[in-house]
Amino acid sequence: MVRYGELSTKGKNRKQFIQQLARNVRAALQAHPNVKVSAMRDRMHLILNGENGQEIIDKLQYVFGIQSFSPAVKVEKDLDTIYAQSVALVQKVYQPGQSFKVNARRSDHEFELDTFALNREVGYHVIQAIPDIKVQMKQPDVELRVEVRLDAAYLSVETIKGAGGLPVGTSGRGMLMLSGGIDSPVAGYLAMKRGVEIEAVHFYSPPYTSEQALNKAKDLTVKLTPYVGNIQFITVPFTEIQEEIKAHIPSGYLMTVTRRFMMRLTDKIREERKGLAIINGESLGQVASQTLESMTAINAVTNTPVIRPVVTMDKNEIIEIAERIDTFDLAVMPFEDCCTIFAPPAPKTKPRLDKAEEYEKRLDIEALVQRAFDGMQVESISSTDSFLNAQPKEFEDLL
Ligand code: ATP
Ligand code: MG
């Protein structure tokens with residue numbers, strides 16, 4: 001039994017939210033075709049039909065838009081059955097000295113007992129069976145939920161916290177600028193949590209950057225798939241642009257101009273793929289290039305909303321999330337990405353937009369952007385994919 005999160009407050013969008021959540025739950029449970037998902041107005045029920053409950057529990061914990069859920073047993077709406085099954089459930093989890101309460105609800109208003117009487121009667125039967133159990137209304141050790149619905153009664157003793165957030169897809173699509181670092185995967189996770197469907201855009205510069213750096217970005221994407229099913233991964237060749245910048249732009253503006261090209265390209269890809277926003281991992285003041293002046297100069301190439309989920313977080317706050325979503329260990333592997341390799345020794349911390357624009361006149365911006373755009377490759381990444389491990393030899397050499 002699945003309880004919805006914030007969507008219950010979303011008024012007329014509610015139906016669309018529930019439908020999207022049901023699609024996402026089905027996608028998350030692809031490997032369990034027998035599960036029947038029925039999404040009602042106030043609850044979602046998954047009938048397991050013999051599928052492994054623990055595996056379903058593990059997967060549901062990733063689905064955004066779920067407040068909490070409970071493994072429940074469905075029993076006949078017959079009082080003796082309800083009493084007997086309730087007692088059996090509590091006996092299964094009860095440890096000596098623990099307290100309990102019954103929390104009854106009914107949506108079947110024709111049922112012979114109302115919630116008050118249900119609480120009392122079920123409680124009575126539990127105490128008869130387990131005389132030492134204490135009754136406690138506030139924060140009991142065991143909360144037995146009894147829900148009498150139209151089709152049957154549902155009993156549960158366990159409530160598992162869901163991922164919270166909004167169902168992915170209910171906030172439109174955004175392009176995540178995904179490097180191989182710590183911050184951008186966290187940014188992607190946080191955007192998904194608020195309902196944004198993401199596609200990952202990764203710039204790479206062979207032969208300056210290795211196959212490993214690319215595979216690392218793909219493996220980071222794999223880590224984000226449990227929240228959504230598959231993620232489109234878009235590789236954009238960036239070598240020519242970086243060489244041109246290196247040859248023609250003063251070193252203090254290398255970083256700014258490089259980022260402006262990434263932003264232009266991401267925006268062009270977004271437009272082609274019908275996205276509404278760009279998401280990146282910029283964090284204010286984290287490195288010299290992430291100042292407000294710098295963001296202003298970089299952002300000036302587009303009017304598209306640029307969402308920076310980690311912009312105000314401290315590094316250790318970002319790392320905490322990275323560890324929780326298991327992207328940290330991968331992110332700190334030392335494969336240089338395109339930015340580290342071409343990074344100037346001292347980027348301007350307060351670049352000026354007019355200067356950046358002036359220097360860029362030395363480059364054929366449109367042609368460069370078009371060629372990189374034409375070279376992009378899209379692949380669908382799923383939770384069972386693995387990239388770095390698929391090439392064990394080179395990988396071991398590096399370690
Ligand atoms: P991260 O930890 O995400 O790499 P960072 O702190 O290293 O971020 P920068 O290297 O300044 O920061 O990059 C800022 C943002 O620009 C990144 O978070 C990412 O969104 C984007 N970005 C940087 N390099 C790439 C790349 N090769 N491909 C795609 N996006 C990139
Ligand atoms: Mg980086």
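How much space lies in the largest cavity? About 90 Å³, and the close-up of that cavity comes first in this set of views of a predicted model.

**View 1. The largest cavity holds about 90 Å³ of space.** The structure has one cavity of 30 Å³ or more. Ten residues line the largest cavity, and nearest its centre you'll find Gln 242, Leu 254, Thr 258, Phe 342 and Ala 343. Three helices, α7 (239-248), α8 and α12, each give two or more residues to this lining. Sorted by class, the lining has seven nonpolar residues, two polar and one charged. Rolling a probe the size of a water molecule over the atoms is how empty space of this kind shows up.

**View 2. Ligand 1 sits among 20 surrounding residues.** The closest of them are Met 177, Ser 179, Asp 183, Ser 184 and Arg 259. By class, the shell comes out as eight nonpolar, nine polar and three charged residues. Which elements each supply at least two residues of this shell? They are α5 (183-193), β12 (197-204), α8 (254-272) and α12 (338-342). Strand β12 makes the largest contribution to the shell, with three residues.

**View 3. Polar atoms of Arg 259, Gln 290 and Leu 178 face atoms of ligand 1 at short range.** On the side-chain end, a polar atom of Arg 259 is 2.7 Å from an oxygen atom of ligand 1. Gln 290 also brings a polar side-chain atom, this one 2.8 Å from an oxygen atom of the ligand. Leu 178 uses its backbone instead: one of its backbone N or O atoms is 3.4 Å from a nitrogen atom of ligand 1. Taken alone, ligand 1 exposes 570 Å², and the protein buries 90% of that.

**View 4. The second largest pocket has about 690 Å³ of space.** Its lining counts 31 residues, and the ones closest to the pocket centre are Asp 58, Lys 59, Tyr 62, Pro 226 and Tyr 227. Two or more lining residues come from each of α1 (14-28), α2 (53-60), β10 (160-164), α5 and α6 (211-224). The class split of the lining is 14 nonpolar, ten polar and seven charged. Which domains each give at least three residues to the lining of this pocket? Domain 1 (2-71) and domain 3 (173-382) do.

**View 5. The chain is assigned three stretches as domains: 2-71, 74-157 and 173-382.** These are domain 1, domain 2 and domain 3, in that order. Between the C-alpha centres of domain 2 and domain 3 there are 53 Å.

**View 6. A cis peptide bond joins Pro 206 to Pro 207.** Its omega is near 5°. To find the spot, look in the loop between β12 and α6, where Pro 207 is located. Most peptide bonds are trans, and most residues other than glycine have a negative phi.

**View 7. Asn 49 has a positive phi, near 45°, although it isn't a glycine.** Asn 49 belongs to the loop that runs between β3 (43-47) and α2. Helix α2 also turns up in View 4, as one of the elements that line the second largest pocket.

How values were computed: Residues are numbered from 1 along each chain as its sequence is written. Chains are lettered from A and ligands numbered from 1 in the order in which they are written. This is a predicted model: local features need pLDDT of at least 70, side-chain atom pairs count only at pLDDT 80 or more; totals for chains, interfaces and linings use all residues. Side-chain values use heavy atoms; hydrogens and water are left out. A residue is near a molecule or strand if one of its heavy atoms lies within 4 Å of it. A polar contact is a pair of N or O atoms within 3.5 Å; within protein, one must be able to donate a hydrogen and the other to accept it, and residues adjacent in sequence count only if both atoms are side-chain atoms. Accessible areas come from the Shrake-Rupley method with a 1.4 Å probe; for residues, only the protein chains shown count as cover. Ala, Val, Leu, Ile, Met, Phe, Trp, Tyr, Cys and Pro count as nonpolar, Asp, Glu, Lys and Arg as charged, and the others, Gly among them, as polar. Domain bounds come from an automatic or database domain assignment. On a 1 Å grid over the protein atoms alone, a cavity is a set of points where a 1.4 Å probe fits but cannot get out, and a pocket is an open set with protein on both sides within 12 Å along at least five of seven lines; lining residues have an atom within 4 Å of a point. Grid points are joined across faces, edges and corners, and a volume is the space filled by probe spheres set on the points.
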